[in-house]
Amino acid sequence: PQNVGILAVEIYFPKRYVDQAELEKFDGVSTGRYTIGLGQTRMGFCDDREDVNSIALTTVQNLTEKYNISYKDIGYLEVGTETIIDKSKSVKSVLMQLFTESGNTDVGGIDSKNACYGGTNALFNALNWVESSSWDGRYALVVAADIAVYASGPARPTGGAGCVALLIGKDAPIVFDRGLRATHMIHTWDFYKPDLSSEFPVVDGQLSNSCYLKSLDVCYNRYVEKLIAKEQIERPTINYFDYMLFHAPYCKLVQKSYARLFYNDFVYNSEDPCFKDVQQFKNMNAEESLQSKELEKAFIGVSKPSYTKKVLPYLMAATQVGNMYCASLYICLATLLSNVAPEELLGKRVGMFSYGSGLASSFFSFQIVKPIDQIHKILDIKNRLDSRVKSSPEKFNEVMLLREETHNKNDFDVVGDGSSVEEAFFKGTYYLEKIDEKWRRFYKRR
Ligand code: ACO
């Protein structure tokens, strides 16, 4: 099949959010620490009526309804998540209840896990399936979903929650470049979840930042090498891409990452006129370059005009909802499709960087080859973000405590934090009603 890629996109984020400036005050930290230091303006959160199954159910059902897709026509479904609520039963198997009425049980794929990388692995598997001898002509569906919550402390404001579903097939308007996946995977302990009784990760924040940036260096250079070999061209620069999307744990890291790509171009060709003001960094070695705050600042300066056009506008959901782990890179993709006029996107090339702690990372790309008017219209991200409801930091805290209390609990009616279904959920949202004595979960839809 030709032009294998994305045919439809649907997203989900919680209806309630906390304002990061208000959270700074409430937490007693310096003004600007979360909003400027991390680049986060709001954070989406959900009470214990939502889990990874419910947000995935919501997104998949909404996608099929909005794009009028029959469950019969889906032959592969894979979920990327690190929100583990069951050591055996997959989220994918829970999603199969949506297929019941169609009678279709011939659906390959299962869950993929490695921190924020599971969604990317699910996407690669779905693309591979469509390109393989196993393909039977039907669609593949990729679901990237997570609820990101941290223990109180400096990591807590980098939480969030969300889900993205991507319908994959042939003759798509959004086509992934073949032969241009660059991957870097090694063993690290930067972020992991060894305590199965808790939702919280064990995280070495500074280590995770440096692992992220080092992986970006490796993947970008590897991608460029593959690109040169495939296209038989001179080494291109980051200007090769019209837009650049990143896994966004918090937006400040994305700005540093984009600057880092300019630094990688500088290492290869420091003579480029755009680097005339940063010549002092010419002889710095790779390890030093990752430590140097002066270098980071200088390259943030060099890359800023480009960042403002090619990256920043597509962080709108990332800054307003927060980290969605597996869904985080893909919400940036959805924001690009939603916030740029379809005619402007036509013919454009987009770079993507995916990172999951532990670690797994990839740099890859796609092009928009046909108009995406329907996707653009359905996503409507700005209005959806604006239609959310603000909660106080006190409420946010109360809900975090509630999630801790009921995590792993069975045999109870899940009533949430006392807010009504209308207050807590958008229309069409699935939510937990009950976990029975055998830990079986029952959902209802608003
Ligand atoms: N005004 C403006 N900026 C401020 C203020 C303020 N009042 N206070 C602090 N800052 C700046 C700091 O100068 C620093 O800037 P820099 O990054 O340019 O050096 C920045 O805010 C962060 O402050 P730090 O003290 O370095 O770190 P902090 O203790 O706030 O923790 C961290 C940040 C490590 C990201 C933490 O939130 C965390 O552990 N998050 C989870 C892990 C994570 O997201 N890792 C990313 C990749 S892995 C993944 O996806 C999970």
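At what angle do the axes of α7 and helix α9 cross, and how close do they come? They cross at roughly 100 degrees and come within 7 Å. Helix α9 covers residues 293-310. That makes α7 roughly perpendicular to α9, a label for angles of 65 to 115 degrees.

A word on the model. It is predicted: local features need pLDDT of at least 70, side-chain atom pairs count only at pLDDT 80 or more, and totals for chains, interfaces and linings use all residues. Residues are numbered from 1 along each chain as its sequence is written, and side-chain values use heavy atoms, with hydrogens and water left out.

Some terms. Helices are DSSP runs of H or I with at least four residues, numbered from the N terminus. Axes are lines fitted to C-alpha atoms over the stretch in contact, and angles run from 0 to 180 degrees between N-to-C directions.

Back to α7 and α9. Contact means heavy atoms within 4.5 Å. On the α7 side, the residues include V254, Y258, F262 and F266. They meet α9 residues, among them L295, F299, I300 and Y307. By class, this contact has twelve nonpolar, three polar and six charged residues. Here Ala, Val, Leu, Ile, Met, Phe, Trp, Tyr, Cys and Pro count as nonpolar, Asp, Glu, Lys and Arg as charged, and the others, Gly among them, as polar.

Next, α7 with α6. Helix α6 spans residues 205-231, and α7 spans residues 251-268. They pack at about 40 degrees, with axes 10 Å apart. The two are therefore oblique to each other, meaning outside the parallel (under 35), antiparallel (over 145) and perpendicular ranges. Among the contact residues are L213, L216 and Y220 in α6, and L253, K256 and L261 in α7. This contact divides into six nonpolar, four polar and four charged residues.

Now the ligand. Which residues come nearest? Of the 28 around the ligand, they are S30, R33, S208, K256 and K293. A residue is near if one of its heavy atoms lies within 4 Å. K256 also appears in the α7 contacts with α6 and with α9.

Three polar side chains get distances. For S208, a polar side-chain atom lies 2.7 Å from a ligand nitrogen. Q206 has a side-chain N or O atom 3.2 Å from a ligand oxygen. For K252, the distance to a ligand oxygen is 3.3 Å. A polar contact here is a pair of N or O atoms within 3.5 Å.

Terms used: Polar contact = N/O pair within 3.5 Å; in protein donor to acceptor, adjacent residues only side chain to side chain.
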